[in-house]
Amino acid sequence: MTTSLLHSLDLRLLRNFAVVAQENNMSRAAQRLFMSQPPLSRQIRQLEERLGLALFVRHTKGLTLTDEGQRVLEIIRPLLALQDKTYATLSKLAKTGEPSLRFGLTTAFEQGFYAALETRLTQRVAALNIVRHASPELVRQVRRGKLDAALVALPLESAGLTVIPLTLQEPLIAALPMHWPEADAESLTLNALNARPLFWFKRERNPAFFDYTRDIFRRAGYTPSCIEEPLEHDVLLARIARGDGLSLFPASFAVIQRQGVIFRPIDEAALCVQCGLVMLSESSARLFWLLNMVQADPRVDLFGKT
């Protein structure tokens, strides 16, 4: 190995390699990292090419670390631990009066989800500008420097950004017409909804989340007939109330009272959406105070959830 080839090595490659090494399975590692499997596989191959080493033996049951891969894992563990310690130390130096923050909030969650956090940010930041958009658009604005950071729904394609998954997550629940027989059930299975049309988004709107849910649908034996989903939630709910189809929402949307629409839980534990913080990699140290604020704390939940 030559150090000149490694000067620009992204630490995320090393972190993702460590997760794959722990799981010994690319699919499970991708789910844990809230990304789709193909880009993770490409990252591992890129790391192997940069190091000039075969890190894994690939076989039908998964992956096995090679001797070189085990050695690389032992080498990088202190580096990853040092990075965590460094960020924790820097957070203690963060100033308590940030002058401004351009912050994005994903519309994937019902907006009351953020009420407590917005109150805390208002108390801390002198000039707070909050933008609300779908997660892919927030990622584009962060990448272009129009936003300092954003809360997004994971999984999500976010190449070139620092993505920090939070412990906050919500299951997806079914929103269906109240007059459908399925509305009488206390909970539903995906398979039981096969005969009903599903309002769903096109893959190009959010490829990572589309692939994530498609894999869950396939394992559950769910093959819905999809109708293109309206972008506006109120239009979508109006069409559901009319009986045109059902849709899947994060559980926080159940607070919405819409005549003709009822929300029901789904018996599929894997079908959930996780909240994550995204920012430019060079901003991560400066905004570490923000991570501390939004990261889950067992004693204080800044998002007002108990």
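**Salt bridges, pockets and a packed helix**

Arg71 and Glu74 both belong to helix 4, where they stand 3 residues apart, about one turn of the helix. Here helices (H or I, at least four residues) and strands (E, at least two residues) are DSSP runs, numbered from the N terminus. An α-helix has 3.6 residues a turn, so residues three or four places apart point the same way. The side chains of Arg71 and Glu74 meet in a salt bridge, with a distance of 3.7 Å from N to O. A salt bridge is counted when a side-chain nitrogen of Lys or Arg lies within 4 Å of a carboxyl oxygen of Asp or Glu. Glu74 is partly exposed, at 40% relative accessibility; the class lies between buried (under 20% relative accessible area) and exposed (over 50%), found with a 1.4 Å probe on the protein chains only.

The model is predicted, so local features need pLDDT of at least 70 and side-chain atom pairs count only at pLDDT 80 or more, while totals for chains, interfaces and linings use all residues. Residues are numbered from 1 along each chain as its sequence is written, and side-chain values use heavy atoms, with hydrogens and water left out.

In total, the structure holds 15 salt bridges. Side chains of opposite charge can pair when their charged atoms come close. One such pair is Arg196 and Glu182, whose closest N and O atoms are 3.1 Å apart. This pair links distant parts of the chain: both Arg196 and Glu182 are found in the loop between strand 6 and strand 7, 14 residues apart. Arg196 is partly exposed, with a relative accessible area of 22%, whereas Glu182 is buried at 15%.

Another salt bridge joins the side chains of Glu228 and Lys202, at 3.8 Å from N to O. Here too, distant parts of the chain are linked, for Glu228 lies in strand 8 (residues 225–228) and Lys202 in the loop between strand 7 and helix 7, 26 residues apart. Lys202 counts as partly exposed, at 41% relative accessibility. Elsewhere, Arg102, Asp148 and Arg286 are joined into one network by salt bridges that share partners.

The loop that holds Lys202 also leads to Asn206, which is found between strand 7 (197–200) and helix 7. Asn206 is buried, with a relative accessible area of 13%. Leaving aside residues up to four places away in sequence, Asn206 touches Pro136, Pro155, Leu156 and Phe201, where contact means heavy atoms within 4.5 Å.

Two of these neighbours open further parts of the picture. Pro155 lies in the loop between strand 5 and strand 6, and a cis peptide bond, with omega about 5 degrees, joins Leu154 to Pro155. Pro136 belongs to helix 6, where Ser135, Pro136, Leu138, Val139, Gln141 and Val142 are buried. The buried residues of helix 6 pack against strand 3 (100–106), strand 4 (127–133), strand 5, strand 6 and strand 11 (272–280). After helix 6 comes Gly145, whose phi is positive, near 85 degrees.

Helix 6 also helps to line a pocket. Rolling a probe the size of a water molecule over the atoms shows where empty space is left. On a 1 Å grid over the protein atoms alone, a pocket is an open set of points where a 1.4 Å probe fits, with protein on both sides within 12 Å along at least five of seven lines, and its lining residues have an atom within 4 Å of a point. The second largest pocket holds about 670 Å³ of space, a volume being the space filled by probe spheres set on the points, which are joined across faces, edges and corners. Its lining has 28 residues, of which Ala108, Ala134, Arg205, Glu229 and His233 lie nearest the centre. Helix 6 gives the most to this lining, with 4 residues.

The largest pocket has a volume of about 1300 Å³. Of the 43 residues that line the largest pocket, Arg12, Arg15, Asn16, Leu33 and Val163 lie nearest its centre. Helix 1 gives the most to this lining, with 8 residues. By class, the lining has 22 nonpolar, 12 polar and 9 charged residues; Ala, Val, Leu, Ile, Met, Phe, Trp, Tyr, Cys and Pro count as nonpolar, Asp, Glu, Lys and Arg as charged, and the others, Gly among them, as polar.

Beyond helix 1, Asn24 is found in the loop between helix 1 and helix 2 (26–32). The phi of Asn24 is near 55 degrees, a positive value in a residue other than glycine. Asn24 is partly exposed, with a relative accessible area of 33%.
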